[in-house]
Amino acid sequence: MPVSIPNSIQNSAIRSTISYVESNNIESTPVVLQKSRSLPSLQRFSSTLEQRGMQEQHLTGLRLSKSEGNLHKEGRVITDNLSAIVDKLNATEVISNSNPAVKKPLLAIRIIMDKPPQPTGIMSINDTANLSYQFEKLAKLLPKGEVREICSLLGQNMKSGWITQKNQELNSEKKQQLAPLGTPGASETKSVSVGVSTGVSLLPSSGEVGSIGPSVDLSGGIQKSTGYSSDDETLFFIDSGAGSKVKVGAGVKAQITEEIGAKLGANAQLSHTRTTFKEYDSVEQYVDRKGHKLNSANRKQYIDSIKPNKATNFIRNHLPFNLGSELKDLKSERQQAANSQHRLNDLLKTVLDIEVNIKAAPIERSKPLMGHYNTWVGEVKLEANAGMTAEIGDSGIKLAAGAGASHQRAVTNIYEFVPSQFYDVIKGNADKLDELPANMTRHAKEIVPENFGSNAATKGLKLLSQDLDSYYKTVQQYDYFKSAKNKNPDAIKQFKQCRIDKHTIENRWGAIGRHQFVQFANASHAYLANKAVAEDPQSKALTDEQSKNKMDLIANVAIKTQSPPITHSRKRLDKIATFTQQIYLKITDKKTGINISAGPFSAQLDVLQRERIHPSRIRDGSYVDLNLTWKVSGSVQGLVDKASITAKINDAAAKEGVQLPQEFEFSPDLSGGKSGTVLIRFFKPNYAKESDFDGDKGYRRQFVRHLSSVSAGSGLGAGAMIAPAVNVGANVAFNYSKTTVSGEKIGTEDLTYSMTRYNRAFRNAGKDPANKEWQSFANDNKVQYQKMFSHLGDKTHQINKEAQHFLNELVDKAPDEASKSKAQSLSNKFNQAMNDFQADPTSEDKFNDAKVYFNDFLEQQTQPWWADHTSSWTDLPFKQKSDSGLDLGTRIKKGLHLHERVKEQTAIHRQEPIRV
């Protein structure tokens, strides 16, 4: 049995913990129920949690603080109170007088509680699954009432926690599985295509030896594709494209001998593809956000008494759309736990006389950046092929060899759209505030008129913050009572009061419904925050601490308006409560290639010249890619007895009364291939064109990358001769390809690629300069960095001059003398460290010193890089109307003056406003 603690000690500990969390405004997350005995030491317990990522767990709905001391103390308090909850539930008249079936889940709960604690002090995932299931089962066996409601809420709360914990466990596996696709240059594509063709061949039908004749063909097709890819910054993309193409070809065919034929041809092709994409910072972020849809698990798999057999588990885990998985309900379960936390706290206090502040945070609703691009490609190709048929047994095997050359030009226009919070845009462009409809900021301007000062705006922000807190709590309670299955009179009364409170806050700000309220809150925050930071000679000067508190207030209210912890549509809020900023990129390509083939073996050399318009100055410029590719491929088409297949299809069609054309032929095919590519990339940045730039103004080698690809395809073609020398055909094909990176080494005379990789790794790691991603990349290129540092120590080398350009820029653009002094100090230490290493390139200590200052240099470059990046974003006009936050039904009723809330709000706004 769990160790019990007197109620007075429990309550004292609970109140002190809650008081600490509230007074320090600690942002916390739920923790797992654990037993009170044999707890590990504080230091070991906290470090284990950090290693396992438990600070983000939601297992019982009870939140833990970021403070290590409180983490341990809250863990013990939570355990004590779970034991107290179970003991008091057992003692209730409802349970003690219930039917014998209730004893079974109660016993199962007690058995789980009596288990020895895990080494981490955290309840196992399996036990969490079982515990939530048993509480839900217990609730179903009890009569309607508050005790049943307590059991149901505990079960749901812990189910939410289990889903979160299990999903995170499976996410770790999924990240390892998808990690190869997160490497720059990697991709995976699936496509389906449909095509039609027609042609004329004047080769004599007899095909006599020595015969020769011209041919002309025309073909077209459409294609649909989906795929994953990762760019040089390790940004991870989910692509979905649709395209079309048309191709015209002409050539000469010859039958040299009975076994040998040849063809010389040329063709031209024009294609267009429109691709939509979703952008994630990394493959890890993609899994974190979408893992609950990628993974599959069900609590019944982990409960011994009802554990299904392996076959059932396999079927459940492989149903389409994860139908058998409880993980797909992650967002709704987390939101339900957040909505019900207030009711659960009230019931524990009023029914069981237990005071414990259960908190449950809903999952953050977020969307990836989205955009689209259009690609136009024109290509001309010249090919020469020769083939022969070799008799092997009773079969004829076709062998072929060929050579070709091609030239391709392509233009891609890329548009990416960033939903930016109102204030984030307005603080850099105050005129954007005028684009917002007047009703969005009406109440904000009533309490803080435009002629009021910054201190009044700060007070207005505090009022907005208080209303947001009250509104979110009220809406969570409102949603819970609205969806609750067992409604007693008290619950119905509370539901009605929540609705009144919800409408009262909305009416005060002139909104109807949660989406319009959050929309208005975002707009009001932008107006008030902009006034709060504006220069105001009339207001009393603030101390440094007061200024910091004001900026913290602005940031905290921004978070509240941007991430409401209530049920809502993220897509809808991004549309109505943000400014859209557009990022424009353009790629212009010229590619020339030559290839040779012999049987299943082929080799190709491509030279790609690329002009890229990019908001990042270290990616904006000219590129040259050299690609040398070898490939082994095969197809079963030559082994298929097409005549026999065609004859059977003709017979089947004839039985149905369908007469197919003569010379009709079907061509099924299965193919596959494996290839390897060596990619050497050279880059000439556009900033090198600046007059004050003294570094390398030409191309520098960025990296050498080794790629490995596999492909597979299947298809079915059909063709017929509809007139002498005239043929038509159609085909459908399914293709799959996957490219992984087997190795990469950076150039030793280029800074741009190192800066590109560092910038993204730094941002992905929350601006942590010691992040693992960058350390791994640097270690993989240690030899290259030794050579680079030696070049950086040579004042005559071009890369040294380039480094000085960026170091001097930090000094020149420093906002104040302290920053200027810091930038100059970095420049001096950087140059000294590189000089020292060049003088002794075998010294590990001097290499490590040089690496420290090189990393400092890269970290300082992230700020001007991002400032330059965002400066090219275009602010699109705000097109949402004054009622854009309303759903269609409400909009119609309001337009017809039939909505009862309109009259309420009109009466409120006729009153004299209460100003701060």
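1. Let me start with the contact map of this predicted model. Among contacts in the protein with a separation of 6 or more, 76% are between residues 24 or more positions apart. If you colour your map by separation, that is the share to look for.

2. Next, the overall make-up. The protein has 916 residues, and 46% of them count as buried. Its secondary structure comes to 26 helices and 15 strands. The points below take up a few of the helices, beginning with two residues of helix α24.

3. W865 is a good place to zoom in. This residue lies in helix α24, and it counts as buried because its relative accessibility is 3%, under the 20% cut-off. Leaving aside neighbours within four places in sequence, W865 is in contact with E233, S616, I618, N759, R760 and R763. With one of these, S616, there is also a polar contact between the two side chains, at 2.9 Å. Close by in your viewer you can check R617 as well: its C-alpha atom and that of W865 are separated by 7.1 Å, although the two residues are 248 residues apart along the chain.

4. H869 belongs with W865, since its place is in helix α24 too, which spans residues 844-871. Is H869 buried or exposed? At 8% relative accessibility, H869 counts as buried. Not counting residues up to four places away in sequence, H869 touches H614, P615 and S616. S616 is thus a contact of H869 and a contact of W865.

5. Staying with α24, please look at how helix α21 (residues 782-792) packs on it. The angle is about 80° and the axes are 11 Å apart, which makes α21 roughly perpendicular to α24. On the α21 side the contact is made by K782, Y785, Q786, M788, F789 and L792, and on the α24 side by E844, F847, A850, K851 and F854. By class, this contact has seven nonpolar, one polar and three charged residues.

6. For another kind of packing, turn to helix α15 (residues 514-533) and helix α16 (residues 544-562). Their axes come within 9 Å and cross at roughly 165°, so α15 is roughly antiparallel to α16. The crossing of α15 past α16 is left-handed. Which residues of the two helices make the contact? From α15 they are V518, A521, N522, H525, A529, A532 and V533, and from α16 they are K550, M551, I554, V557, A558, T561 and Q562. These divide into nine nonpolar, four polar and one charged.

7. Finally, helix α19 (residues 752-764) and helix α20 (residues 772-780). The two axes come within 8 Å and cross at roughly 155°, which makes α19 roughly antiparallel to α20. In α19, the residues Y753, S754, R757, Y758, A761 and N764 meet E773, W774 and F777 in α20. The contact of α19 with α20 has five nonpolar, two polar and two charged residues. As a link back to point 3, the contacts of W865 include N759, R760 and R763, whose numbers fall within residues 752-764 of α19.

Methods
Residues are numbered from 1 along each chain as its sequence is written. This is a predicted model: local features need pLDDT of at least 70, side-chain atom pairs count only at pLDDT 80 or more; totals for chains, interfaces and linings use all residues. Side-chain values use heavy atoms; hydrogens and water are left out. Axes are lines fitted to C-alpha atoms, for helices over the stretch in contact, and angles run from 0 to 180 degrees between N-to-C directions. Helices (H or I, at least four residues) and strands (E, at least two) are DSSP runs, numbered from the N terminus. Angles under 35 degrees count as roughly parallel, over 145 as roughly antiparallel, 65 to 115 as roughly perpendicular and the rest as oblique. Contact means heavy atoms within 4.5 Å. Ala, Val, Leu, Ile, Met, Phe, Trp, Tyr, Cys and Pro count as nonpolar, Asp, Glu, Lys and Arg as charged, and the others, Gly among them, as polar. A crossing is left-handed if the near helix is turned anticlockwise from the far one by less than a right angle, and right-handed if clockwise. Buried means under 20% relative accessible area, exposed over 50%, partly exposed in between (1.4 Å probe, protein chains only). A polar contact is a pair of N or O atoms within 3.5 Å; within protein, one must be able to donate a hydrogen and the other to accept it, and residues adjacent in sequence count only if both atoms are side-chain atoms.
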